Amino acid sequence: MPIRRLPPETVNRIAAGEVVERPASAIKELVENALDAGGRNIEIQADGGGLSRILIADDGKGIPKDELPLAVERHATSKLEPDDAGDVDLLRIHTLGFRGEALPSIGSVARLSITTRSRDETDAWSIQVEGGETRPLAPAPFPGPHGARVEVRDLFYATPARLKFMKSERAEAMAISEEIKRQAMAHEAVAFTLSLDGKVALRLPAEHPGDEGRLRRLAALLGRDFEANALLIDQERDGVRLSGYAGLPTYSRGNAAHQYLFVNGRPVKDRLLQGALRGAYADFLARDRHPAAALFLDIDPLYVDVNVHPAKAEVRFRDPALVRGLIVGALRHALHAAGHRASTTVAADALSGFRPHTGVTQSGEWRGASGEGWSGWTGWDAPASQTAQVLPGLNERSARVEPSWDSPSWPSQPAQASDLATRHSPLATQPQDPLDYPLGAARGQLHANYIVAQTRDGLVIVDQHAAHERLVYERMKAQMAQGAVTRQTLLTPEVVDLDPAEAERVAGRAEELAEMGLIVEAFGAGAVLVRETPAMLGDTDVQGLIRDIADDLSEHGQALSLKERLAAICGTMACHGSVRSGRVLSAPEMNALLRQMEATPHSGQCNHGRPTYVELKLHDLEKLFGRR
């Protein structure tokens, strides 16, 4: 077949397939045009999942009458200016749109109508494009002093085959809603209204520009829980600024749907940014959990290429290492500053597990899981042996801490001036009341695993294994960073049999493992010899430890950077060396654990992102018993 030029209509429809993949794509392009035009109030209407009708109305500067025909021509744009030599620099992009493809692409596959009034004109004008055919200008009514109203009907009617690949109206409507949410996150100073099939689905007033306004906008879109558990991110490095909010590790999600990334105000889905976000939380989340975040990257347009894809959803950075390092560093700095803070949803989840239960039926009989035992209750004066039979486990509590009568009393009345002077003198310092510590004072241990502590305004329940695992992990990381992990030599070197490939991987990381206090060497084709282990692990299961490390190296050998791989292995070591569930702790041990948690960053969650403690405020407890 000879080579021939395609008709302009076919060319436009091919281009439309790249730019307008679905109704949400068309709405994205039209909303970006409205934002570039300076719109501060944008209204979006979509019927039939956007396939029947789309309307975008804004109060921007509008399009002058003489430029309106150019607006629907392909590659005609007002957003790029040639230099003195007539050249256009595609790297200096300061607007959301710039390719001049959206309107002609939509007009080639749908019925497009644009009604606009420019700031400098008194009359409003309209132009229509149907299936690529442009009709003459005509005067038209316009409700506002200036702006534009773009209406799209029967999307893809000119390409019926494309309609077969559309999803259900509900799915398309959800995609539209998600797109508007992303645009609203990036522009908190703009008011958005979204109506689907005549019903208002989203109404967002304009917020004050800045961190507070952005957080209010994010809270309106992601929920108040995100607002309560978000950490402010604001770091700059070499002219690149990262801002936004990221959730606490204990406020993690089951997928990455709550990760929103923006570059110069443009919503993007970039693997580099997603990988950096994942790497920053590698120390705090299990592999099947994902952080929630809305991050905004501001960078000189010369250092980012937004012209990679017609849909402009992908970008390419000139210095990806700088961007990745900034994201990882900023997020870890914010997580470090959060200290032992845990998500507020942890307490809410715990409270939701409680159920009001009177335990007495209408006939006056006791109803409960231990009804048989309670039916034989003989009172508090019964012999201990009889009580233990009636209430099994009553005398088998793990530990109990009562206030010591020998401890210094805390005055309930105002102290005299002489007493205060004595207490605050250098020779007589007043100890802090344990109830004033963030995690309070230990009052008991339940089921040999959960420490119950009392605070000034509530109580705290601590998972001793998860908490100590994080403490050991942070201590190992600090020692590893200083290159000073103390080792202990095994009396008899231990041989661990592995798969030949696993043994080779472990032996190949011998130098890296030595930095963490684990000395291994190859021992034949399918085994490794362990000579020394980290001293902080004590008497550990060497066989299980090496096998877990082999599994970690097998799974993350190419997925994580060197430090992240070591951190993952360090977490495995910490899990083996932490206080196990089932160990009875004394009162000093429990209080010491609480004080270490308060002084250790990230102690609010274990190495897998699970909370290490639950805090219940007094007013929450009072609600459970109907006192509020």
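**Notebook: pockets, cores and a cavity**

I started with the second largest pocket: its lining divides into 11 nonpolar, 4 polar and 9 charged residues. A reminder to myself: this is a predicted model.

**Entry 1: the pocket**

I looked up the volume of the second largest pocket, which comes out at about 680 Å³. Its lining holds 24 residues, and those closest to the centre of the pocket are Glu178, Glu179, Arg182, Lys269 and Ala313. Next I asked which elements give two or more residues to this lining. They are helix 2 (23-36), helix 6 (169-186), strand 12 and strand 13 (266-268). Helix 6 gives the most, with 5 residues.

**Entry 2: the whole protein**

I stepped back for the overview. The protein has 628 residues, and buried ones make up 46% of them. I found 21 helices and 24 strands listed for it. Then I checked how far along the chain the contacts reach. Taking contacts between residues at least 6 apart in sequence, 68% join residues at least 24 apart.

**Entry 3: the cores**

Which residues touch the most other members of the largest nonpolar core? I noted Ile27, Ile44, Leu112, Ile180 and Phe192, out of 59 residues in that core. I picked Phe192 for a closer look and skipped residues up to four places away in sequence. What Phe192 touches includes Val31, Leu35, Ile42, Ile44 and Ile180. Gln183, His187, Arg203 and Arg217 are also among the residues that Phe192 touches. Apart from this core lies another one, of 36 residues, and I wrote down Leu285, Leu322, Ala330 and Ala338 as being among them.

**Entry 4: the cavities**

How many cavities of 30 Å³ or more turn up in the whole structure? The search finds 2. I took the largest cavity, with a volume of about 50 Å³. It is lined by Leu242, Leu261, Phe262, Leu273, Leu295, Phe296, Leu297 and Ile327. I sorted that lining by type and got 8 nonpolar residues, no polar ones and no charged ones. Strand 12 (259-263) and strand 14 (293-298) are the elements that give two or more residues to the lining of this cavity. The largest share comes from strand 14, with 3 residues.

**Entry 5: two rings by the cavity**

Phe262 and Phe296 both line the largest cavity, so I followed them up. A search of the whole structure finds 2 aromatic pairs. Phe262 and Phe296 form a stacked one, 4.6 Å centre to centre with 5° between the planes. Where in the chain do the two partners sit? Phe262 is in strand 12 and Phe296 is in strand 14, 34 residues apart, and the pair links distant parts of the chain. Are these two rings' residues buried or exposed? Phe262 is buried, and Phe296 is buried too.

**Entry 6: a loop residue**

Last, I looked at Arg119, which is found in the loop between strand 3 (111-117) and strand 4 (125-130). I left its neighbours within four places in sequence aside and listed its contacts as Asp59, Gly60, Lys61 and His146. I also checked Gly62: it is 57 residues from Arg119 along the chain, yet their C-alpha atoms are separated by 6.5 Å.

Terms used. Residues numbered from 1 in each chain as written. Predicted model: local features only at pLDDT ≥ 70, side-chain atom pairs only at ≥ 80, totals over all residues. Heavy atoms only, no water. Core = buried A, V, L, I, M, F, W, Y, C linked by side-chain atoms within 4.5 Å. Buried < 20%, exposed > 50% of the residue type's maximum accessible area, 1.4 Å probe, protein only. Contact = heavy atoms within 4.5 Å. 1 Å grid on protein atoms, 1.4 Å probe; cavity = no way out; pocket = protein on both sides within 12 Å on 5 of 7 lines; lining within 4 Å. Points joined across faces, edges and corners; volume = space filled by probe spheres on them. Helix = DSSP H or I, 4+ residues; strand = E, 2+ residues; numbered from the N terminus. Nonpolar A, V, L, I, M, F, W, Y, C, P; charged D, E, K, R; others polar. Phe/Tyr/Trp six-rings, centres within 6.5 Å; stacked < 30°, edge-to-face > 60°.
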